[in-house]
Amino acid sequence: MKRKQCPKCNSGKVMHNVRVIDRNGEYQDMSLSVRVERKPDALLFKGAKDFELKALICGDCGYAELYAADPGRLLQVYLSCEGSDDPQTK
Ligand SMILES: [Zn+2]
């Protein structure tokens with residue numbers, strides 16, 4: 001979703017697709033992401049797939065929202081997970 005206005009202050013100065021950094025100690029910066037596991041109960045080979053999150057940030061008030069960079073692919077993988085709820089049936 002591409003908002004043209006800030007949902008908090010209605011400013012038009014919104015920035016899209018800002019990378020959100022996730023720090024892990026001394027290691028290289030990573031992008032903040034969500035993880036879906038196809039087989040969450042497996043000891044190994046859980047079939048984990050990570051999806052990057054991007055931020056929308058208001059240039060006036062600083063309000064920030066997070067979006068999955070590839071929601072279509074995320075939904076596909078989510079629906080292939082054991083025990084996942086189908087969002088269509090909710
Ligand atoms: Zn704002």
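What share of the 90 residues in the protein chain is buried? In this predicted model, buried residues come to 18% of the chain. Going along the sequence, the elements run β-β-β-β-β-β-α, which adds up to one helix and six strands. The chain has a radius of gyration of 16 Å, well over the 12 Å given by the globule rule for 90 residues, so it is more spread out than a compact globule. As for its extent, the C-alpha trace covers about 45 × 45 × 15 Å along the principal axes.

Next comes the metal site. A zinc ion is held by four sulfur atoms, the SG atoms of Cys6, Cys9, Cys58 and Cys61, at 2.3 Å. Along the chain, these donors are spaced as C-x2-C-x48-C-x2-C. The angles among the four donor atoms run from 105 to 114°, and the site is tetrahedral. For comparison, the ideal angle for four tetrahedral donors is 109.5 degrees. Two of the zinc-binding cysteines can be looked at for their exposure. Cysteine 58 has a relative accessible area of 3% and therefore counts as buried, the cut-off being under 20%. Cysteine 61, at 43%, is partly exposed, because that value falls between the 20% and 50% limits.

Then there is the surface. Which residues form a nonpolar patch there? Leu43, Leu44 and Phe45 do, and together they have about 470 Å² of accessible area. One of them, leucine 44, sits in the loop that links strand 4 (33-37) and strand 5 (48-58). With a relative accessible area of 62%, leucine 44 is exposed, because the cut-off for that label is over 50%.

Two asparagines stand out for their backbone angles. Asparagine 10 has a phi near 65°, which is a positive value in a residue other than glycine. This asparagine 10 belongs to the segment ahead of strand 1 (14-19), and its relative accessibility of 52% makes it exposed. Asparagine 17 also has a positive phi, near 55°, and again the residue is not a glycine. Unlike a residue of the leading segment, asparagine 17 is found in strand 1 itself. At 48% relative accessibility, asparagine 17 is partly exposed, because it stays below the 50% that an exposed residue has to pass.

Technical notes:
Residues are numbered from 1 along each chain as its sequence is written. This is a predicted model: local features need pLDDT of at least 70, side-chain atom pairs count only at pLDDT 80 or more; totals for chains, interfaces and linings use all residues. Side-chain values use heavy atoms; hydrogens and water are left out. Donors are N, O and S atoms within 2.8 Å of the metal (3.2 Å for Na, K and Ca); water is not among the atoms, so sites may look incomplete. Four donors count as tetrahedral if all angles lie between 85 and 135 degrees; four count as square planar and six as octahedral if opposite donors are over 155 degrees apart and all others between 65 and 115; anything else is irregular. Buried means under 20% relative accessible area, exposed over 50%, partly exposed in between (1.4 Å probe, protein chains only). Patches are made of residues with over 30% relative accessible area and no salt bridge: like charges are joined within 9 Å, nonpolar side chains (Val, Leu, Ile, Met, Phe, Trp, Tyr) within 5 Å. Accessible areas come from the Shrake-Rupley method with a 1.4 Å probe; for residues, only the protein chains shown count as cover. A salt bridge is a side-chain nitrogen of Lys or Arg within 4 Å of a carboxyl oxygen of Asp or Glu. Helices (H or I, at least four residues) and strands (E, at least two) are DSSP runs, numbered from the N terminus. The radius of gyration is taken over C-alpha atoms; the globule rule is 2.2 Å times the number of residues to the power 0.38.
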